[in-house]
Amino acid sequence: MGILEVKDVNKRFGGLQALGNVNLSVAENSCHAIIGPNGAGKSTLLNVLIGKLIPDTGSVMFDGQSVLGRKPYEINQMGISRVFQTPEIFGDLTVLENMLIPIFASRDGAFRMHAIENTTSEKEVIEQAEHMLEELGMADKRHFHSASMSRGDKRRLEIGMCLSQNPRLLLLDEPTAGMARADTNNTIDLLKQIKEERDITIAIIEHDMHVVFSLAERITVLAQGSPLVEDTPDKIKGHPKVREAYLGE
Ligand code: ADP
Ligand code: MG
């Protein structure tokens, strides 16, 4: 049994079958990639996992508990955290201020700006945020204006904001989309470091094969809403069906 078990999930948008009989098992503490051409249903699947979409049929279990019907924040509290396709940080705030937000949110249930001032836990929260920035290698950038950072650093901060909540499952939707090679490599290195240092399961949707083959232990190929094959990176590389459906050969 994997930490995440998706069984027979179907999702239609009108006449379009976005997901058809999706089965997926993600092993605890592994990195599992989901690849597939545009429109294959990858983001739809991720949205089902985080409670943004409810499938028409099927089940999604995380650590033995159903996530279906739960609100996104409840699923987040179960230990699932998601990095969006476009960075979701507050550009006007500093790096440290951004990092404070999820830490306060996970403490108080809701983020209250006034909580930053004049609470007994203020120092503790700032310490926790600074500790997280150190783990990210961003301590020296803590007073930087977030909007002025490189794409790679914005992504690094955003991944750190997810990690500050100590998720057991980190979901990433094309975390390196639109990045220059240096920023992509920077993101790969960060994810490798996270895999080594934490007890965490990573499920990553990714277009860039260099990223997928650098990180994933298992790969599921989605095509037209359904899993085509699931295997190790080595097997996937040579798989004729994958070459045909995904690499266009
Ligand atoms: P991917 O992330 O693999 O590129 P998506 O999951 O975004 O694919 O989309 C799968 C299919 O479902 C596409 O044909 C897309 O146009 C369609 N789709 C996605 N979201 C919606 C929606 N909210 N309403 C209607 N169609 C959608
Ligand atoms: Mg997508």
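**Group meeting: two domains, one ligand shell**

Okay, so the domain assignment, which is automatic or taken from a database, splits this protein into domain 1, residues 4–88 + 152–245, and domain 2, residues 93–144. Before I go on, this is a predicted model: local features need pLDDT of at least 70, side-chain atom pairs count only at pLDDT 80 or more, and totals for chains, interfaces and linings use all residues. Residues are numbered from 1 along each chain as its sequence is written, while chains are lettered from A and ligands numbered from 1 in the order in which they are written.

Back to the domains. Their centres, taken over C-alpha atoms, are 27 Å apart. Domain 1 puts eight residues into the contact and domain 2 puts in twelve, where contact means C-beta atoms, placed from the backbone, within 7 Å. On the domain 1 side, that's three nonpolar, three polar and two charged residues. For the classes, Ala, Val, Leu, Ile, Met, Phe, Trp, Tyr, Cys and Pro count as nonpolar, Asp, Glu, Lys and Arg as charged, and the others, Gly among them, as polar.

Now the elements. The protein has nine helices and ten strands; these are DSSP runs, H or I of at least four residues for helices and E of at least two for strands, numbered from the N terminus.

Have a look at α5, residues 151–163. End to end, first C-alpha to last, its 13 residues reach 18 Å, close to the expected 18 Å, which is 1.5 Å times one less than the number of residues. Eleven of those 13 are buried, so α5 is largely enclosed by the rest of the structure. Buried here means 20 or more other C-beta atoms within 10 Å of the residue's own, again placed from the backbone; exposed is 12 or fewer, partly exposed in between. Among the buried ones are Arg155, Arg156 and Leu157.

Helix α1, residues 42–49, is a similar story: seven of its eight residues are buried, so α1 is largely enclosed too. Right after α1, glycine 51 takes a positive phi of about 85°.

And what sits around ligand 1? The residues are Phe13, Leu16, Ala18, Gly36, Asn38, Gly39, Ala40, Gly41, Lys42, Ser43 and Thr44, each with its C-beta, placed from the backbone, within 6 Å of the ligand. α1 gives the largest share of that shell, three residues, and β2 (16–26) and α1 each supply at least two. By class, the shell has four nonpolar, six polar and one charged. Lys42 and Thr44 also turn up among the buried residues of α1.

Technical notes:
Two residues are in contact if their C-beta atoms, placed from the backbone, lie within 7 Å.
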